[in-house]
Amino acid sequence: MDKQSFKIIVKGVVQGIGFRPFIYKLAKNYNFNGFVKNTKNGVEILISDASINQLQLFCRDIKDLSPPGAIIRDIEYKQCENTNYSEFKIIKSEHSEGLTAIPPDLSICSDCIKDISEPDNKRYRYPFTNCTNCGPRYSIIKNIPYDRSKTTMAEFQMCESCLIEYEDVLDRRYHAQPVCCHVCGPQIMFNGQTGENAFKAAAAIINEGGFLNLKGLGGYQIICNAADDKAVKKLRKLKNRKNKPLALMVRDADTLRKHISIDSQKTIKILDTPSAPIVIENWGKLPVSAYINPTGEKIGIMKAYTPLHHILFSYLKTDFIVATSGNLVDEPICINEQEAYDKLSHFSKDFLIHNRPIHTRVDDSVITTAGNKEYMLRRARGYAPLPVILPEKTCLCIAGMGAHLKSSITLAKNDYAFTSQYIGDLDNSKTTDFYQEVYEKMKRLFGLKPEILLTDLHPDYFSSKFAQKICTEKIVTIQHHHAHLYSCMAEYGITDNVIGVIFDGTGLGSDGSIWGGEFFLLQKSLSRQFHLKNYLQPGLDSAAKHPVRMLTGYLHQMNLLNEHIDKITPLIRQNEINLIKKMTDRKLNSIPTSSAGRLFEAAGTLLTGETVNEYEGFTAILLENIIEDEQTSEYYPWDLKKDEIDFKNFFEGILHDFDKGLHPGVISKKFHNSVAMMITDICNKIRQQSGCTSVVLSGGVFQNIYLLEKSEKLLQKYGFNVYIHKNIPPNDGGISLGQVYKYILDNR
Ligand SMILES: [Zn+2]
Ligand SMILES: [Zn+2]
């Protein structure tokens, strides 16, 4: 067969993640000669002697076998003038002018697990073992270019034997910046003990029912035996978390596999990736305390993802531990010893620590599944700060500053949008400090200077005020729910012709009211087609904390309160009812809202009797949790008046079903089905006028998986192409990306 020379360009996130050594080894396998090098356009490969057939196989292997952390967008090849190379080489980089992605922290790989398990290996039971395919990255990188001297590993000088591995192109640790071993790397400590003794003593604390504060990869974790009812209950008390589910860590994926139903096997694959997120699923019966999630069947589990966790597990009697973020309520996760001693000592006086500093805090990521596919809820460790690659370029550097809750920041340039890790709710000074820290660090790490800042319409959000404060540049506001729509569009590269169904809690609308139950149409321009009917939200934000107030407000404004007062009085005091009536009658201290979040929370309160949101959306989550399996095709009707969808009949129907003694779980199912029917019906109306057949579902309410799957199925049945989130959360964690993408499309 004819041998020819080819030039291959690989585009995407392919630098700083061991991509060139990967190509080197692959080319060796194919007996190719030529070279590989980094350029500003990506990675360039020259092959001097291949058949077209071999070349195609080679390109397929690049795509299929590339190292974890690589995102390949495009592989182009073309034949070039015949060249003659006698070997395959890695050529030192030209100065790279392109944007370089910062790799995320990755879970320990199977080769490194082998290393720490074999007594003859030099890294036997070494808790900081890593290689090119795994280990700390984003959490330890201080500056670019990504090089050991610019990480928190700088203070550890490589020993001779590690250096040999580091410089050997055929070694798994070639150019692995954090490479280290017992001799030269960080060490573990526990109450004055080190090494195995530290692990033994720390494990004994957990085995005996106590709590351990553990310095992990992206921050501290509080750990206890997940099977120990007493410990779990005590932790709930200390954390002041009555109902919010606690995250678990399992010894490894195989152990989990033994315990679960066949249904969950697919989900285990997500848990067992290098990103190793917390995966929320109904796993079936697990040998853990019922207090892990007192109000639902789903539990969030991650695998042990560092060698440190693996070695700790080797001394534990349990396969499951609680591993919850080491922080005070609503504050960011602790990363240094002083912070941890100050804040976590009231959980436990026992600290398993180490001397590798954490530079950037990164919480554990949280994923669930929708229609058997990954569905991101909290994007952090293992994912951030990987970019979303956009279909349109921007020559300006722009920054999406996010919203207020579950905030994140996105910096974008060219066709890359780098979305930060989950930062948190910007309600206290610790979290706002963290927010500012992330902004500064991202600018430095990506070498970007934002020229335009995009903020929420709401001027009082910390993110909006922060932008005002630092801005010598231009600020552009983006409406909250527009940003939700565009965040999902960005994931799929959609640029036009789409219906956006955005169901959300709170976002300031362009008319000054609070939006959150929105139907948009993007067809050359963006318009608000329909929305849930505006009802007054009595007591403003307090109704989001106390859904019983919203419920009372709805029923009063719908003229249903008097008839059904017997169902309300057990939930709320009479003087509060009177106050809510007065506020809504006189339009005092209340604001019109079309929020779907408020609707779900109020329905949740009515059906479960829970009157307060212990955490965001709690009663809406309960509403989903109580759904009964029972078959019902019944639904409640709705009314359309001009562009307003009135859901008064939902409440009337629910109340009458209540009177008839129908099970709340069946009523909840009817309610969810009604909303899905209503969504489909309204989308049909928009399609009739516009011909538009694509629908995006986004906003915090679509964290409700029953509603999401039901709506998706129904829309598909009626011939719509439905787009739901994948790697970016449907909640406000996606806002910063949506802000950036909308600005780019608007200014094409
Ligand atoms: Zn490894
Ligand atoms: Zn070493």
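Guide: A donor is an N, O or S atom within 2.8 Å of the metal (3.2 Å for Na, K and Ca), and sites may look incomplete because water is not among the atoms. This is a predicted model, where local features need pLDDT of at least 70 and side-chain atom pairs count only at pLDDT 80 or more, while totals for chains, interfaces and linings use all residues. Residues are numbered from 1 along each chain as its sequence is written, chains are lettered from A and ligands numbered from 1 in the order in which they are written, and side-chain values use heavy atoms, without hydrogens or water.

Visitor: What coordinates the zinc ion (ligand 1)?

Guide: The SG atoms of C109, C112, C131 and C134 do, at 2.3 Å. That value is within 2.8 Å, so these S atoms count as donors.

Visitor: Why is the site of the zinc ion (ligand 1) called tetrahedral?

Guide: Four donors are tetrahedral if all angles lie between 85 and 135 degrees. Here the angles among the four donor atoms are 103 to 118°, so the rule is met. In sequence, the donor residues follow the spacing C-x2-C-x18-C-x2-C.

Visitor: What makes C109 and C134 a pair that ties parts together?

Guide: C109 lies in the loop between β5 (88-90) and α3 (110-117), and C134 in the loop between α3 and α4 (160-167), so the pair joins parts 25 residues apart in sequence. Helices (H or I, at least four residues) and strands (E, at least two) are DSSP runs, numbered from the N terminus. Both C109 and C134 are buried, that is, under 20% relative accessible area (exposed is over 50%, partly exposed in between; 1.4 Å probe, protein chains only).

Visitor: How do you know that K524 is exposed?

Guide: Its relative accessible area is 81%, and since exposed means over 50%, K524 qualifies. K524 sits in the loop between β22 (514-523) and β23 (525-532).

Visitor: What makes the phi of K524 worth a remark?

Guide: Most residues other than glycine have a negative phi. K524 is not a glycine, yet its phi is positive, about 65°. K587, also not a glycine, has a positive phi near 55°. K587 lies in the loop between α17 (574-586) and β25 (590-593), and its relative accessible area of 63% makes K587 exposed.

Visitor: Why is the peptide bond between A384 and P385 called cis?

Guide: Its omega is about 0°. Most peptide bonds are trans. P385 is in the loop between β16 (373-378) and β17 (387-400).

Key: Tetrahedral: all angles 85-135°; square planar, octahedral: opposite > 155°, others 65-115°.
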